[in-house]
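Me: I've got a model open and I'd like to talk through how its parts pack against each other. Could you take a look and tell me how you know what you say?

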Amino acid sequence: MDIDFITQILFAAIKTGTPLLFIALGEVICEKSGVLNLGQEGMMLMGAVVGFLAAYTTGSAGLGIFGAIFMGMIMSLIFAFLVLHLGANQVATGLALTIFGTGLSAFVGADVVGQTVQGFQPIIIPLLSDIPLLGKILFTHDLLVYVSFAMAGSVAYVANRTRTGLVLKAVGENPHAANAIGIKVLRVRYCAIMFGGAMAGLSGAYMSLVYTPMWIENMSSGRGWIALALVVFASWRIGNIMLGAYLFGLASIMHLVLQGMGWSISPNLLAMLPYVATVLVMVIISADKFKEKLLAPRSLGKPFDPRQMA
Amino acid sequence: MIQVTARIEPSKLMTFASPLLAIFLTLIFGSILFSLLDKDPLQAMHLLLIAPLSDAYNFSEMLVKMGPLLLCAVGLSLCYRANLWNIGAEGQLLIGALGGSAMALQFVDSEAWFALPLTLIAGILSGMLWAAIPTFLKLKFNSNLILTTIMFNYIALYLLLWGVHGPLRDPDGFGFPESAIFSDATILPLLNEDGRAHIGIIFAILLAIFAAFVLAKSHLGFQIKVFGADEPAARYAGFNQTKLTWAVMLFAGALAGLAGVSEVAGPIGQLVPGISPGYGYSAIIVAYLGRLHPLGALLSATFMAVLYMGGDLAQIEMGIPIAVVGMFQGVLLFFLLACDFFIHYRLTFPSNSQYQN
Amino acid sequence: MSQVSRDVIVIETPNLTRKESAPPRLTLKNITKEYPGCLANDNISMSLENGEIHALLGENGAGKSTLVKAIYGVVAPNAGELIWEGSSVKISNPANARDLGIGMVFQHFSLFETLSVSQNIELCLSKEQLASIPDLSQRISQLSEQYGLNVDPDKYVHSLSIGERQRVEIMRCLVQSVKLLILDEPTSVLTPQEVAGLFVVLKQLSKEGCSILFISHKLHEVTEICQSATILRAGKVVDTCNPKEETPASLAKMMVGDLAEQDAGYTKKTGDKVCLEVINLSLSSAQPFGTQLKNIQFDLVAGEILGIAGVAGNGQEELMSAISGEDSRAAPDMIKLNQVPIGDLGAGKRRQLGMAYVPEERLGRGAVPDMSLSENTLLTHSKGFIHKGIVDWKGLKSYTSQLIDSFKVKCHGEFSEAQSLSGGNLQKFIMGREIGQSPKVLICAHPTWGVDVGAALAIHQALLKLRDEGAAILLVSEDIDELFLLADRMAAVCDGFLSPVIRCEDTNIDQIGQWMAGTFISETDTPSKEASA
């Protein structure tokens, strides 16, 4: 293996990990507020198809991105309303969102399957891209990859360094106490869920406008679920999420690596790798039950209904 | 002003009315959608809901779709009752089909009487195995059941693809990704000669009744319900969570495996890549719509099978994409969850005089 | 002192003074709050003067908590008016309340364990308040010194004891320069010595002009520090008085109406046969921020009640889980039931050997909320009702009906859902269910917490009857008075250590209070040497 090959692989791992990074950043904020949204896959698919349709009809990839983010937020609003206002089970509602999103995206995208759009061109950042090795890997990407770097940084800043982050953490730990001291729990959770939706939509747009770039039914192929595992793997820490996303990215392109090294394994078996990796990672990370309980937001998945404050 | 008030006791009526109301709202949603798409909503609704029941052939096809939905949903109902979020029916179904096919392919030229039972058992055991792995990982390593079962669905799909492209491919099949056609000795008997409905549906109905009995009358069923309703109470009572988890998960895996093998050893008759149009996922909705009760699943599986069948008809006759079925399922579950709100709450129209003493 | 005595006069003739001096700090007019099926506050009117310590008295369920939550803006009343320093106000959320100068210390604290003390306090401050404090940590340290609260701003809340947490809550109010401090049952979680410390702080605040609304059902505390009292019964104001002129007995009469039977003066017993042995039980915590059990040793004797005192969170939960079998990680020999090692058996197996358990949470653990009483009987009492795995529902239902009758559980019938019962009736049901299994050992946690006086009396008598029939009872409670009333022998837990066990006649509240604070730990490095009876 020469150095060029390694550079290419790492470059591709970042590119492949970027949609995971987007969606996991959204989910981690949502989970920090105590809400488990299993609808990531559905929101991502809707983002992908709407982003593609918008870009396809207007010819503007930028409009596609905005359309996808908007769609992701609409989807998450449905979830938020059911879960926060009607007290519906978070797991069941998340599943419904995924099933709905999968079906609806296939439905509205049926006419444009296989079409292509003009995606984003790589932007080679002057100076930084000249850094040996790292410059190629990190600074010769398209716009959205840079956006994902910036997003990770700002999400980490807001979550760890601001009062907003403090409020988020408080709501996720103990919504009843937060309500008692006057934090508007539902409003915080609405915002967190919608941020999750926006990120999932953006992630979908990355798939259909940059990564492929075309619309195929079910094109997220489980990334929404892997992102959920990623958040657990990362122990709800933003830095770990970034690292984890690129590791999963690497696992997804492992078949290229192995082919490059001259191995021949059935492509179907290689396609399992990211999923097998996810299971393995979860087994390793969750085996310490005590640690996971310590790190997870305390009220994660539990409903909070201010009406039932007696 | 309309106000939302908590009920003092949950409404029994709403528990049963909620699924019907949800179906009704979904139909209204569908009609509006079809109108917007310039399709005649009445014709579409007729095709989706009435046509599948209108003649013997369609009815038989409906039963073909109902079998796997019901089998998976009965298993899932018990899982969800016990608060075990098994989303893996799809994978268990696919592996059941794969394992059953591997066995059936040993009997391609045979007419042995035991070929069919062995094929079914192979399918059931494969499904159980596929449910056993995430169960083991949950109990031993505390891994999240939702995520592992989902991952195992994807792994199962690629394993199946690997099977039909590799070791199980028909050597005389001109390279198509299909197995050899199964011998009649490994095919489930048909209910009647007019259609493809087979005795798998009878198994499914019997198993649903059996599961309903277990849930209502047995101590095991009671423990399942307590675990689902109130886990701290179950631990306080000293129920054996490990044993219960194994029992429920393996039962669900067995049923999904049976559903899978019944497809390949039934209407399909060989192993192909597209065995399931997402029965395992739809079964989640069937289970919910049936109020997580095996007999409720009987009704909701019928409805869902009609919808599947109707989706086929609507695609053929009106050019409506088949994906409309998946979307309807999601909408249906949304409406159901929303309607369930009214089990615990009601709308009131208070007059202001109430508080003036 | 002069200010205090002036206030006492104010209370005696409230209508007169209102005209001649500053308006009262807070006046409530006809506050009404209705929950589905329950009128929690019914036309409540009362008034609080500046610098007054005012008690809000009432039984569990009388509507005290609802009323103070309405004042603090957590609960929106259906009708009524709040008048703050002479002008009518609408308090729609806690932030409004805090802006006016109202602070509240909740019964179940509203602190976030994963955040530090100063982060917890920061969350309660508005942006303007925060901007006006140059250095929050420094301000906390300064106030801590001023009031002797001993609060370290940089510590994480999960590392604090219950008493320290309460002081953080008080600090939270002090930082906001509070004019009215509401305390909801503040002493129920403290050792007697900590209670004395709290009263010093409250008196200092009162002297500085801060009004204090003090919720309690402990009458001697009310007579000790309060200058006036409002008594609630079933959501209504039934009386107001000056507690200094009342006795605990006369206050009790106002709270509950006339009591036919008195709950006092039971005979103590001495058992002989050791039933349950706990031998050098050490166990790490299974939960984050839990308590590690350290070398616990005691014997439980048939025909006796052993009371275990302690402030919440000192290992009681962990100890009861280890004994009941919900936590079966202990070594087999650490716990023996009639000489049989049971340390590693599950809860179900231990039940078969004659153990029964009344847990702290009735609804959600002791009983499944949305299941019928018959089903809830089957939860722990399956013996005789299961034949070949099939439940004998008919037999179960008739047995449950009997149970309901003999323990006077008020409900519609065996089909009633557990959640439809009041706390006291549900506790009687659970108690009856556990006693109905004729246990050799009964573990009983906080049996009368949140229960009305009548049900408490019935529960006490049921426990004593079970003791007299020869069962061994382990009674864990935070209520020292109850322990002295019922227990034959006593011990206290602190930080996972168990104190020596001592006969009730040979000890007093002061010694047990010191043990609750852990004084016995320094005395002996290997605690829980059993003091023989």
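Reply: Sure, bearing in mind that this is a predicted model. Let's start with a helix pair: the crossing of α12(B) and α13(B) is right-handed.

Me: What makes α12(B) and α13(B) a pair worth describing, in terms of angle and distance?

Reply: The axes of α12 (residues 294–318) and α13 (residues 324–344) of chain B come within 9 Å, and they cross at roughly 145°. Angles are taken between N-to-C directions on a scale from 0 to 180 degrees, so a value beyond a right angle can turn up.

Me: Which residues make the contact between these two helices?

Reply: From α12(B) you have Leu307(B), Tyr308(B), Gly311(B) and Ala314(B), while α13(B) brings Val324(B), Val325(B) and Phe328(B).

Me: How do you know which one is the polar residue in that set?

Reply: The split is 6 nonpolar, 1 polar and no charged. Gly counts as polar, so Gly311(B) is the polar one.

Me: On to the chains. What makes residues of chain A and chain B count as being in contact?

Reply: The test is C-beta atoms within 7 Å, so residues that pass it are counted. On that basis 39 residues of chain A touch 39 residues of chain B.

Me: Which elements of chain A face chain B?

Reply: Those giving two or more residues are α3 (61–85), α4 (90–108), α10 (223–233), α13 (267–271) and α14 (273–286) of chain A. The top contributor is α4(A), with 12 residues. By class, this side of chain A has 28 nonpolar, 9 polar and 2 charged residues.

Me: And how many residues does the contact of chain A with chain C take?

Reply: That one takes 15 residues from chain A and 19 residues from chain C. On the chain A side, α7 (163–173), α8 (175–180) and α15 (289–295) each give two or more, and α7(A) gives the most, with 5 residues. The classes there are 10 nonpolar, 2 polar and 3 charged.

Me: Why is domain 1 of chain C written as two stretches?

Reply: The bounds come from a domain assignment, which lists domain 1 as 2–101 + 178–256, with domain 2 at 116–174 and domain 3 at 274–523.

Me: How far apart are domain 1 and domain 2 of chain C, and what joins them in contact?

Reply: Their C-alpha centres lie 25 Å apart, and the contact takes 11 residues from domain 1 and 10 residues from domain 2. On the domain 1 side, α4 (94–100) and α9 (192–207) of chain C each supply at least two residues. That side divides into 7 nonpolar, 1 polar and 3 charged.

Technical notes
Residues numbered from 1 in each chain as written. Chains lettered and ligands numbered in written order. Predicted model: local features only at pLDDT ≥ 70, side-chain atom pairs only at ≥ 80, totals over all residues. Helix = DSSP H or I, 4+ residues; strand = E, 2+ residues; numbered from the N terminus. Left-handed = near helix turned anticlockwise from the far one by under 90°.
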